[in-house]
Amino acid sequence: MDTTSTMFLPQTGSTVAPGVDALFNFLLYLSAFFFLLITGLAIYFSIRFRRRKGEPARLTPNLTHNTALEIAWIVIPTILVGILFVWGFKGFLKLSVIPKDAMEIKVTGQKWFWSFSYPEGATSINELVVPAGKPIKLLMSSQDVIHSFYVPDFRIKHDVLPNRYSVAWFDAPEPGEHNLFCAEYCGTGHSTMIGKVKVLSEREYDDWLSTSVMSGEGMNPAEFGAKLYVSKTCVTCHSTDGRAMNGPTFQGIFGHEVTLSDGSKVTVDENYIRESVLNPQAKVVMGFQPIMPTFQGLLKDHEIDALIAFIKSLEKKDEESGE
Amino acid sequence: MAENVLPEHNYLKEPKGLKSWLLTVDHKRIGILYLIGISVAFLLGGVFALLIRLELLSPGATIMTADTYNKLFTLHGTVMIFLFIIPSIPAALGNFVLPLMIGAKDVAFPRLNLLSWYIYVIGTCIALTSIVLGGVDTGWTFYTPYSTQTTTQVISMTFGAFVLGFSSIFTGLNFIVTVHKLRAPGMTWFKMPLMVWALYATAIIQVLATPILGITLVLLILERLFAIGIFDPAMGGDPVLYQHFFWFYSHPAVYIMILPGMGIISELISTFSRKTIFGYRPIAFSSVAIALIGFLVWGHHMFVSGQSEVAAMVFSALTFFVAIPSAIKVFNWLTTLYKGQISFETPMLYALWFLCTFTIGGLTGLFLGTLSVDVHLHDTYFVVAHFHYVMVGGTVMALFGGLHYWWPKMFGRMYNETWGRISAVIIFVGFNLTFFPQFIMGSQGMPRRYFDYVPEYHSMHMASTVGSWVMAVGVIIMLHYLLSSLRKGEIAGNNPWGALSLEWTTTSPPSPHNFDEQPVITHGPHDYDKVIVERTIPPR
Amino acid sequence: MSDSTTHAAHLQHHFADAEQQRESAKLGMWVFLLTEILLFGGLFCAYTIYRAWYPDMFLNAHKALDVTMGGINTVVLITSSVTMALAIRYMQQDRRKQTIAMLSTTLVLAGVFLVIKYFEYMHKIHLGQLPGKYYTFTGIEGSNPHIFFSVYFLMTGLHGFHVIGGMGAIAWLLAKTRKGQFSSAYYTPIEMVGLYWHLVDMIWIFLFPLLYLIG
């Protein structure tokens, strides 16, 4: 199976991709043929039948019909689009009919990241990890607006809707990494809602499953927290350099008082951080919108601990000079 | 037969004064008023486009934030679609030429025509208010639930579009009655110029489809104001229902955009190859066929939305079905060139560009109608490239061609032909440079409405941005020589092109009442095999 | 006032003759009515879909509507269509006074329709049977009963809006008839408003059973 990308198409990463590509390429050649035919004839006729300089206007031939030609250019295109329709529909059915033995992974789309829930109980954010060579069924729904799950290399895409499940499937035969994009506009972070599909060999996948339950081994909590700060997408809304983004900066906040949207004050301690992660709407800092999603179920306790350690480690630069 | 003064009695000068323009019921003046409106809209939408492309010159934030970018692509879409392209050919050019082409003194309901223009102005002001108040960031499609939740100015923008819809409906109604009832004696349906057939088919769509948009926008506004729950899944409603309602209008709307352009192409190819149209009736009937079948294909925008496989199949089949009449037209135009006497003045250049770029647009539509391929291509830049190839490479090329063709009739003066050709070439090159790379990045997986992108797509985006600058240069040149022709252009005379339709039998510009005597129909509008009429401006 | 004066005064300059003008007006009005049918069509479509999804709820919720009042309104509107048709008939016979009487009656009947609707609406507002998030009534079984009331208020509201528009048009006709601007030679505007009014009536004839008489 050819997995390198061509001018128009990315590499093939799934079992249905070559079939889709074959039809795409047929369309490409068909289009190129008709395009060259039409523009070629237009150029040829324009040159051949151009009005020569100084030539007076003359009566041109009364050519209004040619039954053979007209039948040909109705029948041939009709046959061609008929082929496209049948071929496309059959391919579509392949994409829509889920193999019976597919492994089911729950996908949740929300502004602005993907989260995945695996049958063994593991979870991941923005990184869909799957074993190679097995059909995977994606059971998808959204927490807020319509998103769309798109993996170009697999040639699959399906809208992800609130209050409803939609389904897609794929079978990635080889290990590799593939882009995952959100393909339905969903607001500010639509273009940052990018993830990766990591296809692992069966052994690597088993290893990943077992370690994902006990992640973070071998690192001190603040280091692990720094990793989570990125991998769990806190970085999308909270800076570490003092800039206010969608959410307050983490720089130097630990141990300080903040004013909440209702005017009351609270100290940023371990409990406040934990509460904000699990129930973000409870105490929103004044001047910020209550848009943080909850990480309940997405972060384990030891991961929250690591994030707290990380935030503690971020001191204001000014503090060193004793302000 | 060159003259050196404009005709004494012309609609531009009589009656005099600003008030006479603002209260005019002369279809020609109303056409000019619309022309000013859509030109301003085009420039505004164009500026938004240039800003978008500038941001996309490199990954990451280049000159703006994501929120600003999201507003810009939304405003680019809404301004270009509702304020520019839908009214453009019918209301600006159509209003001007339709009565002249059928030998009438005006449209059926001149006062309604003026009302249409005022509704257009009011709708535009409401839309501009939305922009001034901060704009909208939903995309021009206003998909729920995002559009019911976002804090941007959705209600004012959708209300503006709602009001603009009535302008379109009344224009369509006016044209239908005009074509049915006001043709000069002897002008049977099959002696009408193909431009008239095209405007008629367009009017049918305007009248039947726009009310659906109206009710859809009202429902969206009420959903935002009163949470009536019709599109909200938490309240038992369905966001996909919104998509059905929206596309039920918006797909036929694209035929409102292209059919009048096709009408212009029929006129241009016939006149500038001095040849009768090959397949007049097939072209005429295919216009009506496209208008009607176009109502049945809306679901092809929703193949991955969650609609059933059966629905997807039906919509795919019908989508291929509607492609056939368009293909027929292209073949007919091509054959019309055969054994003609072809000249390459600016309007003809645009007609030839159309044959090239509309063909690409139409062929890429086949990719999108093919179910399995569409799954990959939906919501990528492939779609963006496709619709720009048909709307800009199709409608706008036709609009520019028609504008140059009827410019001497409207204003009595010729534009500078040399600059016309230069600008046409620049626009053609710029257009293709802007949009062809978008096919490539789209099928490579680049999604649309993306503020930022992964580095793989950088070179295609750069090429596309450079193309937008080239196109802008071409448009600016065009604007300049057209405007300066109003003062300094060569006097055109009645018939600078030697064309055979009725508008060329009267003065340029025409008198307020169009014809001094009731026109007598002695030949068909494209009968270059039977009649030669001398050009008042020699061929370049 | 001779026929030819009225005739000539109303012939607009761009029409070849009065016949062409009248034909155009008729075609124009029919096309306009077609657009109105499509406008309401969207709402009928929404009704169909939601009733298909929540059939039991629709049946339960519709009992909140007063069939008697709805029935009276139906009779009122049908009668107003008759009086409207009579107004045209009388003008065809140059009976100006009767035309004015019929137009006035139509206007009054339209007013009655709106008054009855006002009472119906007030009752629902009082009970909290309102669209969407404003729905506070608790006595109806089934999921999402507010949907029925969203549909009810949307459809009857849009219809009522068109009744008001029609009343404005009829009032305008009354003013012009009083001034003697119509005759048996020229009464096209009365005919055209009549067509519009019949459509407004027809739409109600569909609304009434679909909302009030199901089940």
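**A first walk through the model**

Hello everyone, let's start with one residue: Ala311(B) has a relative accessibility of 22%, so it counts as partly exposed, since buried would mean under 20%. Please keep in mind throughout that this is a predicted model. Ala311(B) belongs to helix H10 of chain B, which covers residues 309-337. Its C-alpha atom is 9.3 Å from that of His300(B), and the two residues are 11 apart along the chain.

Now let's step back to the chains. Two pairs of chains touch, and the pair with the most contacts is A and B. What about chains A and C? No contact joins them, and their closest C-alpha atoms are 15 Å apart.

Let me spend a moment on chain A. You can find seven helices and 12 strands in it. How does its radius of gyration look beside that of a compact globule of 323 residues? The globule would come out near 20 Å, whereas chain A has 29 Å. Its C-alpha trace spans about 95 × 55 × 35 Å along the principal axes. Of its 323 residues, 47% count as buried. If you take contacts in chain A between residues at least 6 apart in sequence, 61% of them join residues at least 24 apart.

On the outside, chain A has an accessible surface of about 15700 Å², and carbon and sulfur atoms account for 58% of that. Chain A also carries 29 positive and 35 negative charges, and the mean positions of the two sets are 15 Å apart.

Next, the inside. In soluble globular proteins, nonpolar side chains tend to be buried together. Here the largest nonpolar core has 339 residues. Which of them touch the most other members? They are Leu128(A), Leu138(A), Phe149(A), Phe170(A), Leu337(B) and Met410(B). The element that gives the most to this core is helix H3 of chain B, residues 66-101, with 22 residues. There is also a second, separate core of 27 residues, and among its members are Val285(A), Leu298(A), Leu299(A) and Ile311(A).

Have a look at Leu337(B) on the screen. Leaving aside residues up to four places away in sequence, Leu337(B) touches residues of chain A including Ala42(A), Phe45(A), Ser46(A) and Phe49(A). Its partners in chain B include Ile269(B), Ser273(B), Met348(B) and Leu355(B).

Finally, some backbone details. Most residues other than glycine have a negative phi, and most peptide bonds are trans. Where do we find a cis peptide bond in chain A? One runs from Lys111(A) to Trp112(A), with omega near -5°, and Trp112(A) is in the loop between strands E1 (103-110) and E2 (113-117). In chain B, the bond from Thr144(B) to Pro145(B) is cis as well, with omega near -5°. Pro145(B) sits in the loop between helix H4 (110-132) and helix H5 (146-149) of chain B.

As for positive phi, Asn126(A) has a value near 65°. This residue lies in the loop between strand E3 (123-125) and strand E4 (127-131) of chain A. Is Asn126(A) buried or exposed? Buried, because its relative accessibility is 14%, under the 20% limit. Asp94(C) also has a positive phi, of about 60°, and its loop connects helix H4 (67-92) with helix H5 (96-127) of chain C. With a relative accessible area of 42%, Asp94(C) is partly exposed.

Thanks for listening!

Conventions:
Residues numbered from 1 in each chain as written. Chains lettered and ligands numbered in written order. Predicted model: local features only at pLDDT ≥ 70, side-chain atom pairs only at ≥ 80, totals over all residues. Heavy atoms only, no water. Helix = DSSP H or I, 4+ residues; strand = E, 2+ residues; numbered from the N terminus. Rg over C-alpha atoms; globule rule 2.2 N^0.38 Å. Buried < 20%, exposed > 50% of the residue type's maximum accessible area, 1.4 Å probe, protein only. Contact = heavy atoms within 4.5 Å. Areas by Shrake-Rupley, 256 points an atom, 1.4 Å probe, with all protein chains shown as cover. Lys, Arg positive; Asp, Glu negative; His and termini not counted. Charge placed at Lys NZ, Arg CZ, Asp CG, Glu CD. Core = buried A, V, L, I, M, F, W, Y, C linked by side-chain atoms within 4.5 Å.
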